[in-house]
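User: Hey, I've got a structure to get through for class. Can you walk me through a few parts of it?
Analyst: Sure, put it up and ask away.
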Amino acid sequence: MHTQDSTPAVRLACTAQGQVQGVGFRPTVYRIARGLGLTGHVGNTSDGVVIEIQGAPERVRAFPEALKAGLPPLAVLTGLAVREIAPVQGEREFAIAESHGRKGHNVLISPDVGICPDCLRDMRDPANRRWRYPFTSCTNCGPRYTITRAIPYDRKTTSMACFPLCPDCAREYRDPMDRRFDAQPIACPACGPRLWLVEPHDGKLPAETEPAPANMQQALARTANALAGDRICAIRGLGGFQLACDARSEAAVQTLRQRKLRPHKAFALMAGSLEDIRDICLVSVAEEALLTSSARPVAVLARRPGLAPDALAPSVAPDTATVGVMLPTTPLHATLFDLLGEEMRRQGRRPPLLVMTSGNLSGDPICLGNREALSRLADIADCFLLHDRDILCRVDDSVAAVHGEGTPFERTVLFRRARGYVPSPAPVPGAREGDCVFGAGAGLKACCCFTRGADAFAGQHIGDLESTAASDFYEEAAGHLMELLEVEPALCVADDHPDFPSRHFAKALAMSCGAHFESLQHHAAHAFGALAENGMLEPSLALALDGTGLGTDGTVWGGELMLADLGQTSWQRLGSLEPLLLPGGDQAAREPWRIAFGLALEAGDDAGKRRWHAERGPAARAVQEMVQRRISTPLASSCGRLFDAAAAELGLCTQTSYEGQAAMRLEQAALASPPLPAGSAGDLACQERNGLLTLPSKALFGLLAQRFREGAEAAFCARLFHEELARLLCELCVMGRERTGLSSVALAGGVMQNRLLAGLLTEGLARRGFRLFLNRLLPPGDGGIAYGQACWGARLLALGKAQGA
């Protein structure tokens, strides 16, 4: 075979791996190949995208680099295997081949993607056939993970299979030069999903809750009017239902709080534009990039000082000076904001700003289906905006913040990893090809994780596994991810805690698959997760700082200095915070005054004892008896519980309505105080006790209490607490370095979501010459536990150490 100039033709076979299906990869290959004058074909397979190209040698050899340089926006190319094969006689064109698959694949599944500017323009053009159509998408945006049943990613394997294409959409779908070529969610008003509004009357649903001409008519416009009138709307979004109301209306927000049983925890917001977000928040360059990224997370931003009450309802986020805000994530949201903006302008009101929170009662999973929402949200929502595109798995909104901006440690910190990020992979260093491990996660902020060779796929945020519904959601999410990845674990790893539902599921999964089962201590999993993200297989120090995790000695841990070696799967506890008493066990986390009172009792602090007896009466007498007789009063080296005690002592939070509330109020108080001048701290020091390096938690609390009683402001005392704790943690790491000779430290655990402490700690350790390993891809809290477990398990398999049955 020769080219037109008689040069012998060359043919290459290429296999592209990574996030290369459902992201416009094949039309990009088509355009590049055609542009180079090449023949051949491209097609989706279970191994990735397979490409064969043929033509003049210099043009064929230019193709791989041209492809890498011209990737579509959502593609992630992790590998491009190239080999020369025999030319094909008589081939005259380049074509896109039919997809084909088999059991088992190496394809990366794309997360759901926020709406792109091109689709927004289509929807805002009255002359376009997709004007204000709430399911508009293309190869650069739209649903992926939440509508995908199997790989290869084709329309027949998605929940769009039941919507046959109209002639116009079919033409776009088949045209490689169109940006909607092979876009599986492609639809229009003539052939796509429908939207309708159900409005109960006197607490009763109407007879017709399915789509009908009456309830489909101007459903979005009527929803906008309802929101403008302070009503609460349940909206079926991308990964489940959301509850929305006017975020500028204190009455609407308070009503939502009462109905949702959520008295204090901050609500997420949605604004129609960056300008509207800037009206209420300070937005940096890095935060703007986060807000406008394809993931479109809820970004935690500093609130503008001195906002008028009609700019933002005070009860949106009563505990913090920050708010979580996102831009419209779907065409449905974008169109709703367009219509609501028109209504607000007609009424002479500010641009729309909505609460957009999970569609559930607090503690339950988000609602998925229409019937489920009409039943479970009947006592919360005043109306229901429904659609008929199936959602195959529940996925909540992701929550993130930028930490360390302007420093070497600038990074995105994920508080909740879900829509827009799942199921993007994270690395599994030192894994053996073909191995699969299941990481079960913890009991709070649960998620699961499967590895497939060198990739780890952490599932979406589930929440706390404290109800049957939450445990069912966990099993549903694990089953969907396992089916989509087409894997079966050889090893299942769970937390040491015997009562976690995630552990029970892991044991059952191991039994059904004939897999090994292993346990890993909670804080070791935190440490291994931070090390794995950074590809660290050598020994390192690790600080794991969180609320609680079962220790190997039967006590509660939560402030641990460890020697962790992911490469050899070993770990050792080197130090910890001095243990505190938790009168009432878990009840002490809900009533932090108990911990502060316990510390006063232990220290013989008469003033502290008098205070709590005066404030708590009979409850204080009961706690005193618990402490004196050591009844239901476990020990805890928990950093999170030390924060709780400090917040209670300063009168900032004596009783909580959600996890982390006391610590958040303490951080906010500290941020209201400037950095302390030199010499403000005491002379506290870490010590070695019974072979364990120990941070003096009780003395730190005593210093805080003393300064507060001497008349220092609560904000000053909160700042003192943060700065002294950070200094002592740095000192603990220095002592660990002296003992081990190691100058690297991983920082993990939920306390690392505290922006002030994390900043003080990273800066202090860097000044002392430490190399730091931080979470960036997974949450530092319990949402990253499953990943740490899975990476540790992958090394166990690689080393032949898996023993459990």
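User: How many bridges join strand 30 to strand 31?
Analyst: Four bridges join them, and the two strands run parallel. Strand 31 covers residues 771–774. Strands pair here if DSSP finds at least two bridges between them. Helices (H or I, at least four residues) and strands (E, at least two) are DSSP runs, numbered from the N terminus.
User: Anything I should know about the model itself?
Analyst: It's a predicted model, where local features need pLDDT of at least 70 and side-chain atom pairs count only at pLDDT 80 or more, while totals for chains, interfaces and linings use all residues. Residues are numbered from 1 along each chain as its sequence is written, and side-chain values use heavy atoms, with hydrogens and water left out.
User: Back to strand 30. Which residue stands opposite Leu774 in strand 31?
Analyst: That's Leu747. Strand 30 also has four bridges to strand 23 (residues 540–550), again running parallel. There, Leu541 stands opposite Val745 of strand 30.
User: What links up with strand 30 and strand 31 to make a β-α-β unit?
Analyst: Helix 23 (residues 755–767) does, and the unit is right-handed. Right-handed means that, with the strands pointing away from the viewer, the path from the first strand over the helix to the second runs clockwise.
User: Why is strand 30 described as largely enclosed?
Analyst: Because five of the five residues of strand 30 (residues 744–748) are buried. Buried means under 20% relative accessible area, exposed over 50%, and partly exposed in between (1.4 Å probe, protein chains only).
User: Which way do those residues point from strand 30?
Analyst: Ser744, Ala746 and Ala748 point one way and Val745 and Leu747 the other, and all are buried. In a regular strand, side chains alternate between the two faces of the sheet.
User: New topic: Ser502. Where is it found?
Analyst: Ser502 is in helix 13 (residues 501–513).
User: Is Ser502 buried or exposed?
Analyst: Buried, with a relative accessible area of 1%. A polar atom of its side chain lies 2.9 Å from the backbone oxygen of Ala442. That's a polar contact: a pair of N or O atoms within 3.5 Å, where within protein one must be able to donate a hydrogen and the other to accept it, and residues adjacent in sequence count only if both atoms are side-chain atoms.
User: What else does Ser502 touch?
Analyst: Leaving out residues up to four places away in sequence, Ser502 touches Ala440, Gly441, Ala442, Leu465 and Tyr474. Contact means heavy atoms within 4.5 Å.
User: Which other residues of helix 13 are buried?
Analyst: Besides Ser502, the buried ones are Arg503, Phe505, Ala506, Leu509, Ala510 and Cys513. Seen down the axis of helix 13, the buried residues fall within an arc of 160°, so they line one face. That arc is of the directions from the helix axis to the C-beta atoms. On the other side of helix 13, Met511 and Ser512 are exposed.
User: What covers the buried residues of helix 13?
Analyst: The cover includes strand 18 (437–439), strand 19 (449–452), helix 12 (468–485), strand 21 (491–495) and strand 22 (516–520).
User: What order do the strands take in the six-stranded sheet?
Analyst: The order is 17-20-19-18-21-22, in an open sheet with mixed pairing. Strand 17 (426–427) and strand 22 are the edge strands, each pairing on one side only. Strands 18 and 21 run parallel, joined by three bridges.
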